[in-house]
Amino acid sequence: MSNPDALHYFLGNRLAVCGLALLCLLYLLAGFTFLNDALGHAVVPDPDELRITEKSVLFRETSRRAACALDGSALLAEFPVLSDALAVPGKAFPLPFAGFRLLRQRLAAIGLENLESVNSFVQRFEVVHENKVFELVLFSSENQPPSPTHLFGSDEFGRDVFARVLYASRISLSVGFLAVVIALSLGVLLGCLAGYYGGFLDSVIMRLADVWMSLPGMMLLLTFVALTGANLASTILLIGVLSWPSPARLVRAEVLSLRQREFVEAAKAIGCTQTQIIFRHILPNALAPIIVQATLFLAGAILLESGLSFLGLGVQPPTASWGNMLSNGLSYLRTSPWQAFFPGFMLFLTVLSFNFVAEGLREALDPKRRRGP
Amino acid sequence: MALTRYAVKRLLGILPLLFLLSLLSFSIIHLAPGSPASTLLGEKAFDPAAVQALEERLGLDQPLPLQYLSWLSRVLSGDLGQSIGLKPGYPVIQLLGERVFPTLALSVSSLLLALLIAVPLGVTSALKPHSFFDRFFSFLAFAEFSLPNFWLAMMLILVFSVSLNWLPSSGMADPRLASFSWPDFFAHLLLPMVVLALGEAAALTRYVRGSMLEVLQQEFIRTAKAKGLPSHVVFYKHALRNALLPLLTLLGYSIPGLLSGAVLTETVFGWPGMGRLAVNAVFSRDYPVLMAEVLLFGFLTLIGNLVADILYACADPRIRYEQP
Amino acid sequence: MLINGVPCLFYSLWNGPITGLNSFPRIRMNMRFLFALALLLSLAGCSAPSQGSSLSASNALVWGSIGDAKTLNPLLSSDSASSDVIGLVFDGLIGVNPKTLEPYPRLAESWNVSEDGLTYTFTLRPGLRFQDGGLFSSADVKFTFDRLLDPATDSPYKDAVQYLERVEAPDASTVVFHLSKPDCSFLLTTGFGVLPRHLLEGRNINTAAFNSHPVGSGPFRFSEWKPDELIRVSAFDGFFSGKPYLDEIIYKVVPDNLVIQEQLITGEIDLAGIEPEQVPRFRQNKNLDVYVYSTNNYTFMGFNLLHPFFRDQRVRKAFSHAIDLEALTESTMLGYGETANGPLSPVSWAFNPDVKPPAFNPDLALGLLREAGFADSDGDGVLDKEGKPFSFELLTNKGNKQREKAAVIIQYYLKKIGVQARVSVLEWPTFLDQVNRKRFDAVILGWSLGLDPDASGIWHSKKAGKYNFVSYANPEVDQVLDEALIVPGCAEEKRKPLYWRFQELIAEDQPYVFLFYGSSTVGVNKRFTADDGILASPLGLLWNIERWKLKPEYAE
């Protein structure tokens, strides 16, 4: 149901808009790190060495190496299934990866076809060069305070904190987003069914939810991690799968009250099927609290990940996540506070933005809000 | 009443649900890799023969269904077993029992403090929506629940314990004192209580504010005012009562939380509560303790949800627990 | 999940309260009353004694620890927290002198070993008592070792008595140990804490209530144990060398590392281990002394010798040369450790200083790998052989920062020569599970060594199922180790050349990449001193805990 008035109200809420803008920026930056992986790792070949004369072949080489670089990126190491699909070291031509073709076209369009331009293009992004995340420059730049070379300072290994914070954003943001998607798909579906049909189905689903909420989450996490091996995927999956009871319960409550309303009677009267009633009439009206719930849950999931990192579960070093950077940085709080401050601040800002957006959404979508002239 | 019948049905259903829960949890717990041998034997646990011998003695080498049945029969006769990895030989029921007082002390006091902060703040914010007062405290609330719990705890310790030296930084009592003293206990309780309360208060304030705003917009309030009732009567008798009703539902959902402990806060403050016990039990694979906790927490969750659902139904007669 | 400590409060759009809900009971929230209560509570909190006023006067030592003890039975304890407290409550026949690392008499007055090395006879001091007043006699010693030999006891120390046949107590002050084979490492085993027979006879030692309320014959008597909070022990006036000067020692559990260090500074605790990074800051503190001492342990990177890549000695040697061990040690230990060169630490008398750690030479490393058949055939920066890239998993256990750091640094150096190491940090039970099933490529781990240089448990091929989890088998090493154990009279001069040869052989084979020897950094409040001073040695600081006392200016 389109509601331009709601949108207008939302945009009037300055905090929510700021929050949303910040979040978009963060997601963009996280996405940018993928791009940087591809470019940054492109060890652009020396044409003399390879005796290449054709530009297209040159580009093919570059994209192939970029594809290999993408395989080597830390995030993909966390999703072995994905990396297996994308990894083709040794093959001559890059994958039919639409992104790379597009990239090539775009680069060509802005005239970056020749070697020097590509090189300088890469160098312009030097400051966030992926290598800096894992590059250890021992003894020369450990524990440096923030400076022009290290925007956020460096950690105990000499790694650039700014680069790490940026790469960590991928982890934290994806944990939140994916966990919410999983929890909500399960929760909304089951909640709807429970609320609408009531009776036995309702009892079964709600009792299942009760039992689900009491399951030992940490043991599940440990089992999952051991069985699947990939830490991040297990964490996301587990947080998502464990959390469906709460949204389910809320959706059920909404549906329970909505189904008694007159418009449902009307819909039945004109002969809508059960499915149509649920999905086309009831659910859109119940959507408002679900959206608010989702945003809040996203914030909660990010905080949960940081809590798990503090306890030692969750993403393990050397992969960076805001949570484990924060816990690690706590030991250095007195000597090099920037190690904990920046990831903590980013965490705080992100979760705060989610909360503002949620609040803005809730006010905008509140059906009882007086729509003024 | 339909509601009483519903409540009774739910109460009767708790036992089979607990049974199901115990079955699921038992499987999960035992399927996790590693065994208590790793903590009991320490560095010496690299000897598979020693691990095997220990597991035989503990009965862990038997097939899973058999283990479950023997556990079940022991529990039904009242024996929750003895701890394996945490405190070998120590009765589980004693281990859990010792943690009840610290956990409840912390959770109840922080909840009370949270309510104390949240209700007045939320109500006042609702009475003057979008005023400076409202905006300021809303912002604070948002900022508070965007902070990771353990971070806040650490900051408070650094400020109040280390820099200012006003309060102790961990534990439940000063180890140098020979006997229990209430003022000392409260001094130790204060920081963790505040950390937890702030987190709960932030959410509760928003909740109360929203609820109050809802109520104030209702027509019956306008009617009451139009009737000429003095404003404080309108406020207390009509608005406040109705606004705080959903709060009770929420408190119903919080019942299991009271005894499950706050893991992060307890770890930072060294508070000997159930949360820390749970984490340590997981890391030591202390199966009897974990199963006992699952039972306890499961029981509380089921009861808590039942209470919340009943209160919810009382508050909103539009909800009917029947077929459409 | 309530991980955040906040009960899951979710915003819900309820349907709004209904008018005229008279059926529901009233809730009377008397705000004023509640505010008053809150005020009262906070006042009560403020009236608590502030730090620093009453604490410094008490003659007690507060010892901070991250973990709580699990059991207070010397036969069963396997973690450091339990061992710490057991060391205060129990005592054994002999002790070890920290300066010479030689045994000296404690509960035993004297002992002798028979010519053939099969009989050890100890004479006990007269007049010894347990902390509950019970008499201490040879029957208690016999009881303790009988329980250790008993297969029903879940003791991790069975190895120590593998050659012990039986123990006899011919009279109240004589104990005789009969061995089936000469074992030069046995003497140090007799330092085990002695259990009181009169309290444990006939009970199941694994589950006895004694394990939470121990009675021993050590300098401090068990007083109380508040689980996960503290353990209190008080001075035992019947201790054989006289009542300890300190009245009490309190073992306080503080689960967070940062908080422990801060508590040392505020004075809430008096003794705790500190991180190497914090040492400069603690040295500057006026109230604390910092003690640094090498510990008899080493950290290493172990290869699964059954792995196709690591079976080749050249690959292992290449790794040793590819990693800058000096830089790694410096980075993880910050100057408080030493690069390791082999399986014995410099603390041991059998240490061979002629065996040097492998030099940092990445070119040599690459050369060795090329010899072994590895080359970068596809130009992706990673070496490969027969189409398979050289990529492996490096495991280590959670909770040890030095090992995690070492893992990251090793990953970095290996990446430079084209080897891809994936670091996995697992928690202990999971880690053990994988290692015991041999499902690992390489691990970073550490061994704490006993005072006797015999390291058969780790290196002997017979122990391939045990601590020798890397499956190392070298018949010459086996032979040398076996010989050294049965040297008649256990003369050091005769055993030394054997152990030197042993270290040379290991250096040749490189089944591990030996990383560094450990050291401990401990902070102690300046108020404390001891007769003859507090001595930092590989045995720790507390070998003479019964003679620790407050400095005169702090005593009342």
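Let's start inside chain A: Phe152(A) and Phe342(A) are both buried. Keep in mind as you look around that this model is predicted. These two residues belong to a bigger story, since a search of the whole structure turns up 67 aromatic pairs over all chains. In this one, the ring centres of Phe152(A) and Phe342(A) sit 4.0 Å apart with their planes at 5°, so the pair counts as stacked; the cut-off for that is planes under 30 degrees apart. Now look at where the partners come from. Phe152(A) is in the loop between α9 (130-134) and α10 (161-197) of chain A, while Phe342(A) is in helix α18 (residues 338-365) of that chain, so the pair ties together parts that are 190 residues apart in sequence.

Next, look at Phe356(A) and Phe142(B). Their ring centres are 5.1 Å apart and their planes lie at 65°, so this pair is edge-to-face. Phe356(A) is in helix α18 of chain A and Phe142(B) is in helix α6 (residues 132-144) of chain B, so here the pair joins two chains. Both Phe356(A) and Phe142(B) are buried.

Rings can have charged company too. Lys87(B) lies over the face of Tyr90(B), 3.8 Å from the ring centre, and Lys398(C) lies over the face of Phe283(B), at 4.6 Å from the ring centre.

Finally, swing over to helix α6 (residues 257-266) of chain C, which is mostly covered, with 8 of its 10 residues buried. Among them are Leu258(C), Ile260(C) and Glu262(C). At the N-terminal end, Asp256(C) caps the helix, with a side-chain oxygen 3.1 Å from the backbone nitrogen of Leu258(C). Just after α6(C) comes Gly267(C), with a positive phi of about 95°.

Terms used:
Residues are numbered from 1 along each chain as its sequence is written. Chains are lettered from A and ligands numbered from 1 in the order in which they are written. This is a predicted model: local features need pLDDT of at least 70, side-chain atom pairs count only at pLDDT 80 or more; totals for chains, interfaces and linings use all residues. Side-chain values use heavy atoms; hydrogens and water are left out. Rings of Phe, Tyr and Trp (its six-membered ring) pair if their centres lie within 6.5 Å; planes under 30 degrees apart count as stacked, over 60 as edge-to-face and the rest as tilted. Helices (H or I, at least four residues) and strands (E, at least two) are DSSP runs, numbered from the N terminus. Buried means under 20% relative accessible area, exposed over 50%, partly exposed in between (1.4 Å probe, protein chains only). A charge sits over a ring if NZ of Lys or CZ of Arg is within 6 Å of the ring centre and within 35 degrees of the ring normal. A polar contact is a pair of N or O atoms within 3.5 Å; within protein, one must be able to donate a hydrogen and the other to accept it, and residues adjacent in sequence count only if both atoms are side-chain atoms.
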